[in-house]
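Q: Please take one part of this model and go through it closely, starting from its aromatic side chains. Then set that part in the context of the chain that holds it.

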Amino acid sequence: MSDITAYAAPRSLDEAVSLLQAGDVTILAGGTDLTPQTKSGKLTFRPTLMNIRRVPELSGLTESGGVMRIGALTTISSLLASPLIHERFNGLWQACDHFASDQIRNAATIGGNICNASPAGDTLTPLLTLDARVVLASKPNGSIVRRTTPLGEFLTGPGRTARQPAELLEAIEIPMPPEGFFSAFFKFGTRPALDISVISIAIGAVRDGRKLTRVRIAFGAVAPTAIRAAATEAALEGRPIDAAAIDAAVAAAVNETKPVSDVRASSWYRRELVGNMLRRMLDHVANS
Amino acid sequence: MGPLQKTRADAAARSSDTLIGTRIPKKDAPQKASGRTRYIDDINVPGQLYGKILRSGQVHAKIRSIDVSAARALPGVHAVITAADVPWQRPIGVAKDHLPLKPDRVRSPRDEVAAVAADSEDIAEAALKLIRVDYEPLPPVTDARAALKPDAPLLHGDDLVWTGPDGRAEVVHAASRDNVAMTFKYAQGDIARAEADSAAVVEDVFQLHYVTHCCMGVSGVIAEFDASDNLLLYSNTQVPFLHKREFAEMLGIDPGRVRIIQPPIGGGFGSKLDIYPFEPIAIFLARATGRPVKLIFTREEEFLASPTRQPVLLKLRSGCSADGALTFRAVETLHDNGAYTSWGATTPFVMMQTISSLYRVPSCDYQTLAVYTNNPYSGSFRGYGNLQATFAVEAHMDKLAEAIGMDPLEFRLKNAQDPGETTPQGMNFKSCGFKECLRIAAERSDYQQKRRAYRQQWNDSSILKRGVGMASMLHVGGGAKIYPSDGCGTILKMDDFAHLTLITGASEIGQGSETVLAMLVCEELGLPLSSVSVVNSDTDITPWDVGVHASRTTFIAGNSAIGAARKAKTKILTAAAGKLDMEIAALDLQGGYVIARATGERLLELSRLIRSLHFSDKAELVMTTYYYEPPSQHQDKEFKGDVSAAYAWGTQVVEIEVDTQTGIVRLLKVTAAHDVGRVLNRLGIEGQVEGGVVMGQGYALTENLIVENGVIRNPNFRDYKLVTAPEIPEMDISFIESVDGEGPQGAKGVGEAPAICVAAAVGNAIYNATGVRMYGLPFTPENVYRALHGQAKPVTWDIGA
Ligand SMILES: Cc1cc2nc3c(=O)[nH]c(=O)nc-3n(C[C@H](O)[C@H](O)[C@H](O)COP(=O)(O)OP(=O)(O)OC[C@H]3O[C@@H](n4cnc5c(N)ncnc54)[C@H](O)[C@@H]3O)c2cc1C
């Protein structure tokens, strides 16, 4: 039985953060995580259910001042439809292209994917390689306050984030990458669509001839959160992408991931996949 | 037997307007596609309550006490029952070792401990949470091998005694003092001699896993007693007439007082062939409350508490001569029976047929031990043990061929059955297109050439490797005589406007029987399909039928429908002959008219003729009945006998691609050739084969009900992976029409056949692609990857005894 006593559908950010400030609120965006989680009893609704889909400040995809701003309510479908995302953030676009099914993509939001903080959340690894930051809004003392945090610090554990109960995720900010930047995403599920990542890999780097700089590598589903892989990045940073660099990166990746065993895969197999698939992606980079 | 040969000649004569072999959309398709079909979940009976079951969540425990007082006190709750409230409950299931509500001990997490009937599902759910059960854990046994150890805890170590209302006590299930639930033994020939004469001998242990049916419609029932205490059930059962009797016995009433209505069923596949506890529990709740009780599973419950396919550990030893003749097969299997005995334990009936009779094998030895554990219990599931047996047999066909250096197709052809053969097990193959299946599947898939080419890539550096694999199957195709009767009854009536109502005992579970039966009747009576309605869902109306299983409905119910139609035709033509003053033999029925057989000239409009019969001095209606019993035999105690009136054959060749860096196996193409006797509804049979192949694909590649220490770990579609649309392979389907003399219009059963070969063929294809043979299912990416990298857990027999 549901314990919801009030339903709110605020029409402005101000209204939404005021409601949050009053406390005991469950935030509803697309509901594609919330619904299964509350149905299965993994999560219980708090007394106020707040549907944020009518808050205009939470939507929009805009570029200004060298920063790309993605409103928290942006759906996976709209990311896929955006030429800007396709051209400049292709890794993120690929993640959306491997995300669930059309029905889910139409409802699922990027903000929900981030706040749900699943280690297997598919937008998280590409966002990490893009140095994405999250913008959080709250209204502690009668006026709206915002803080900005790197995504890597925001994700603190499986299903856990640094978001305070009175904070709303307003948007994601991504600094526009420099010339020569490319990114890619790989998701291993046991089937071509509608699968939770067994592992996922995102890479992003600036390419100058064969040399890679500003290398970012992130892994999903191999740790309590989606993670950046520092040693793997270091193995590639500033070097030409050749067999030796790829070997070193693969060795570092296998070494720095400590995945769990669960119903989807054993820890051993996940590490094998991390190594094999990172190699496949890097070979592809080297050959293109 | 005979009436049907003539029918075929008739059909051929008017081949231009025959329905047989045409593509007819299923009669129920528009309703289903437009969401109008009312499944059991959509049915609500005035005054109904909602039933819910409390399951133990314990793998093995003693029940110390159950406190239902808080649940009973919850407003909106009408009844809370435990075993103590139904001391008269009788054990259910194949071995009658299973009480619906568990009195003092639970043997699996799904075990039913208490049940609630309430005004709403939410209240019933809340009431379950208020029930306090005090358990004392008992040592679990979750491995069939461990269950056989002398010191293993006994799961059914005591007699199960039922005490009737008159105080008379009766042992309904005798104690098992070694955890053995059932045994099967079959033998033919002389194994020792045959082995001594063999040029090649191979032995392997195979492990077949748990999968479950995943019917889109979950299990459910509505139970209701009327004012005279007659029981009405809305039920998804596949065997309404058998269950009528069991429920009556359970309640101590006459079976005539039990009526079962089957709303359209959202999938069966064998899962609804046994009585499971939720059905009697709904009846108990209806009794306790005097109100109709609706009990529908949640999807999670469907995973946790419906039957599975029988998991099997199988040791196979096979041999052949240097020139490629099979010499012997020796099989031992260990069936994990789970906590109680359902149909899964009896799959050896089918398994031994494949072992002894798919190919000619002079000597065979087959043994099964079905052993109690605290694991889930298995029911019947499309193929009924045949997927498991075929997996092992067809792996050995490849291995033996390789051992003697023979082409695997040639090896199979050499040992394949021919028409007319009677096997040592007593099966007589009156029609048999097996060799044609082999040849056509091989030819259309370019099997021989590809197999040789793909082997060349074993040691090259390619990451993606292709392979082809072949497997064949034999399955009953003309019913299976496992009950005293394997028959089906039909009532046919024609109204004043020449509209037919076909009342058949046969159950429709989505297989398209309604459509095919309507076709067969229309074919006889020369009527368009639009002029027939089918009634098939109410035991108070329909004549007896043994149930929908064993791929039998088209064959058995089809012959029954044809029988009734032929009687109607005789009656109509006799009347017409009288009116026209012509010979009966000179007349026929076509397009709603009585016609002159020779010229096709329309002589009388059928509906006018029928009315003139009705509204006359000797008023008469056209109503006929027919009961068809197939000419098959019960097997004797040695499992010998011609158990089916016809047998179905099939060969499938699969082509796959293995990603050696992930272990993903993509099924690219399935080339299937099935001896179906004759194609009746081409659209329907293609759908059957495609659906069956996909089900076999799931068994081979994706589906895995993970059971760890007695607990199901993935009771949801997120982690239990059904095949999705983009994974479905290209299919090339050929039908071999061997025209069975006994079959309706020559047809044989095909329901189970297409699912049987896929896993076996994929196993052979993985070997062809990689040189690695896998002995355990499923071929999920991690399992395949492990096998390719020498990390697979070896499959071992090691049963102590
Ligand atoms: C069938 C299916 C397939 C799926 N496949 C994938 C997949 O392939 N890849 C993948 O990554 N995920 C997948 N998911 C999970 C889910 O769709 C995504 O995580 C999605 O992005 C969640 O977004 P939402 O808008 O639906 O979130 P909701 O369910 O509405 O919310 C999720 C959580 O975030 C909180 N929240 C949402 N928005 C905000 C905000 N602006 N501020 C603060 N808190 C907020 C909510 O309170 C809730 O706790 C799948 C889900 C389903 C049901």
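A: **An aromatic cluster and a buried helix**

B:Y359, B:F429, B:F434, B:Y647 and B:W649 are joined into a cluster by ring pairs (rings of Phe, Tyr and Trp, the last by its six-membered ring, with centres within 6.5 Å). The model is predicted, so local features need pLDDT of at least 70 and side-chain atom pairs count only at pLDDT 80 or more, whereas totals for chains, interfaces and linings use all residues. Residues are numbered from 1 along each chain as its sequence is written, chains are lettered from A and ligands numbered from 1 in the order in which they are written, and side-chain values use heavy atoms, leaving out hydrogens and water.

Over all chains, the whole structure holds 20 aromatic pairs. In one of the pairs, B:F434 and B:W649 have ring centres 5.2 Å apart and planes at 15 degrees, so this pair is stacked (planes under 30 degrees apart). The two residues come from distant parts of the chain, 215 residues apart: B:F434 lies in helix 13 (residues 434-445) of chain B and B:W649 in strand 26 (residues 647-659) of chain B. Helices (H or I, at least four residues) and strands (E, at least two) are DSSP runs, numbered from the N terminus. B:F434 has 0% relative accessibility and therefore counts as buried (under 20% relative accessible area, 1.4 Å probe, protein chains only). B:W649 is likewise buried, with a relative accessible area of 0%.

Strand 26 of chain B also takes part in covering helix 21 of chain B. What encloses that helix? The cover over its buried residues includes strand 27 (665-675) and helix 20 (758-770) of chain B, as well as strand 11 (181-188) and helix 12 (267-286) of chain A. Helix 21 (residues 781-788) has six of its eight residues buried, so the rest of the structure largely encloses it. The buried residues are B:P781, B:E782, B:V784, B:Y785, B:R786 and B:A787. Just after the helix, B:G790 adopts a positive phi of about 65 degrees.

As for the chain as a whole, chain B contains 21 helices and 30 strands, and 63% of its 801 residues count as buried. Its C-alpha atoms fill a box of roughly 85 × 75 × 45 Å along the principal axes. Of the contacts (heavy atoms within 4.5 Å) in chain B between residues at least 6 apart in sequence, 79% join residues at least 24 apart.

Conventions. Buried means under 20% relative accessible area, exposed over 50%, partly exposed in between (1.4 Å probe, protein chains only). Rings of Phe, Tyr and Trp (its six-membered ring) pair if their centres lie within 6.5 Å; planes under 30 degrees apart count as stacked, over 60 as edge-to-face and the rest as tilted.
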